[in-house]
Amino acid sequence: MTDAVERALAEITFSPDGLVAAVAQQYDSGEVLMVAWMNRDAVRVTLEEGRVCYWSRSRQSLWRKGETSGQTQYLREMRLDCDGDTVLLLVDQHGVACHTGRPNCFFRSWRGAGWEVIAEPEIAPETLYPQAAAERGPQ
């Protein structure tokens with residue numbers, strides 16, 4: 001599979017900082033779940049393992065979706081846009097996709113005069129990320 005993965009990587013136009021935008025969409029419903037970034041290694045891992053891996057710009061490291069929260073994404077299909085600079089990941093999302101505990105990251109809608117929350121959390125972020133909650137301490 002390495003040759004095939006290398007051919008796939010050769011077709012992707014990574015930005016000067018080595019990243020490509022990645023849109024994650026639920027494969028069966030079409031729901032857009034999130035947008036993140038991938039570098040060459042993240043794309044390689046995703047194609048080789050079938051579990052979606054992204055590049056965390058804040059941590060400057062690879063992260064497999066769900067490694068902390070348990071809310072995993074499995075790749076069904078990867079598509080490349082016409083310019084080669086954005087990938088569409090058709091995924092099978094297990095659990096919620098957003099770190100806020102919502103099904104997707106697009107839970108605010110502009111409603112004339114302001115942003116309205118249109119989806120409440122399905123699971124508390126402290127439940128998804130108990131280590132982060134412990135490090136923050138009592139609020």
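# Notebook: core, helix pair and selected residues

I started with the largest nonpolar core, which has 23 residues, and those with the most contacts inside it are Met34, Met38, Val43, Tyr54 and Leu89. I then listed the elements that give two or more residues to this core, and they are α1, β1 (20–26), β2 (32–38), α2, β3 (53–56) and β6 (86–93). The largest share of the core comes from β2, with four residues. I keep in mind that the model I am reading is a predicted one. As background, I note that nonpolar side chains tend to be buried together in soluble globular proteins.

**Entry: the whole protein**

I stepped back to the overall layout and found four helices and eight strands in the protein. Reading along the sequence, I wrote down the pattern as α-β-β-α-β-β-β-β-β-β-α-α. The C-alpha trace spans about 50 × 40 × 30 Å along its principal axes. The protein has 139 residues, of which 37% count as buried. I also looked up how far along the sequence the contacts reach: among contacts with a separation of 6 or more, 42% are between residues 24 or more positions apart.

**Entry: one core residue, Val43**

I picked Val43 because it is named among the core residues with the most contacts inside the core, and because a residue is placed in such a core by being buried and joined to others through side-chain atoms within 4.5 Å. Which residues does Val43 touch, not counting those up to four places away in sequence? I found Leu9, Ile12, Phe14, Val20, Met38 and Met78. Met38 is also one of the residues with the most contacts inside the core.

**Entry: helices α1 and α2**

Val43 also belongs to the contact between two helices, on the α2 side. I looked up the axes of helix α1 (residues 2–11) and helix α2 (residues 40–49), which come within 10 Å and cross at roughly 140°. An angle has to be over 145 degrees to count as roughly antiparallel, and α1 and α2 are therefore oblique to each other. The crossing of α1 and α2 is right-handed. On the α1 side I noted Val5, Glu6, Ala8 and Leu9, and these meet Arg40, Val43, Arg44, Leu47 and Glu48 in α2. By type, the residues of this contact divide into five nonpolar, no polar and four charged.

**Entry: Glu11, in α1**

I stayed in helix α1 to look at Glu11. Is Glu11 buried or exposed? Its relative accessibility is 55%, and since the cut-off for exposed is over 50%, Glu11 counts as exposed. Leaving aside neighbours within four places in sequence, I found Glu11 in contact with Leu80 and Gly84. For a long-range distance I took Glu11 and Cys105, which are 94 residues apart along the chain and have C-alpha atoms separated by 28 Å.

**Entry: Ala97, between β6 and β7**

I next looked up Ala97, which is found in the loop between β6 and β7 (108–110). Ala97 has a relative accessible area of 2% and is therefore buried. Not counting residues up to four places away in sequence, Ala97 touches Leu33, Met34, Lys65, Gln73, Arg102, Pro103, Asn104 and Cys105. For Gln73 I also noted the distance: Ala97 and Gln73 are 24 residues apart in sequence, and 8.2 Å apart in space, C-alpha to C-alpha.

**Entry: Gln60 and Gly66, two loop residues**

Where is Gln60 placed? I located Gln60 in the loop between β3 and β4 (61–64). Gln60 is not a glycine, although its phi is positive, at about 55°. With a relative accessible area of 52%, Gln60 is exposed.

Gly66 lies in the loop between β4 and β5 (73–80), and at 10% relative accessibility Gly66 counts as buried. Leaving aside neighbours within four places in sequence, I found Gly66 in contact with Arg51, Gln71 and Thr72. Gly66 and Ala4 are 62 residues apart in sequence and 26 Å apart in space, C-alpha to C-alpha.

**Entry: Glu116, in β8**

I closed with Glu116, whose place is in strand β8 (residues 115–117). Glu116 counts as partly exposed, at 37% relative accessibility. Apart from neighbours within four places in sequence, Glu116 is in contact with Phe107, Arg108, Ser109 and Arg111.

Methods: Residues are numbered from 1 along each chain as its sequence is written. This is a predicted model: local features need pLDDT of at least 70, side-chain atom pairs count only at pLDDT 80 or more; totals for chains, interfaces and linings use all residues. Side-chain values use heavy atoms; hydrogens and water are left out. Axes are lines fitted to C-alpha atoms, for helices over the stretch in contact, and angles run from 0 to 180 degrees between N-to-C directions. Angles under 35 degrees count as roughly parallel, over 145 as roughly antiparallel, 65 to 115 as roughly perpendicular and the rest as oblique. A crossing is left-handed if the near helix is turned anticlockwise from the far one by less than a right angle, and right-handed if clockwise. Contact means heavy atoms within 4.5 Å. Ala, Val, Leu, Ile, Met, Phe, Trp, Tyr, Cys and Pro count as nonpolar, Asp, Glu, Lys and Arg as charged, and the others, Gly among them, as polar. Buried means under 20% relative accessible area, exposed over 50%, partly exposed in between (1.4 Å probe, protein chains only).
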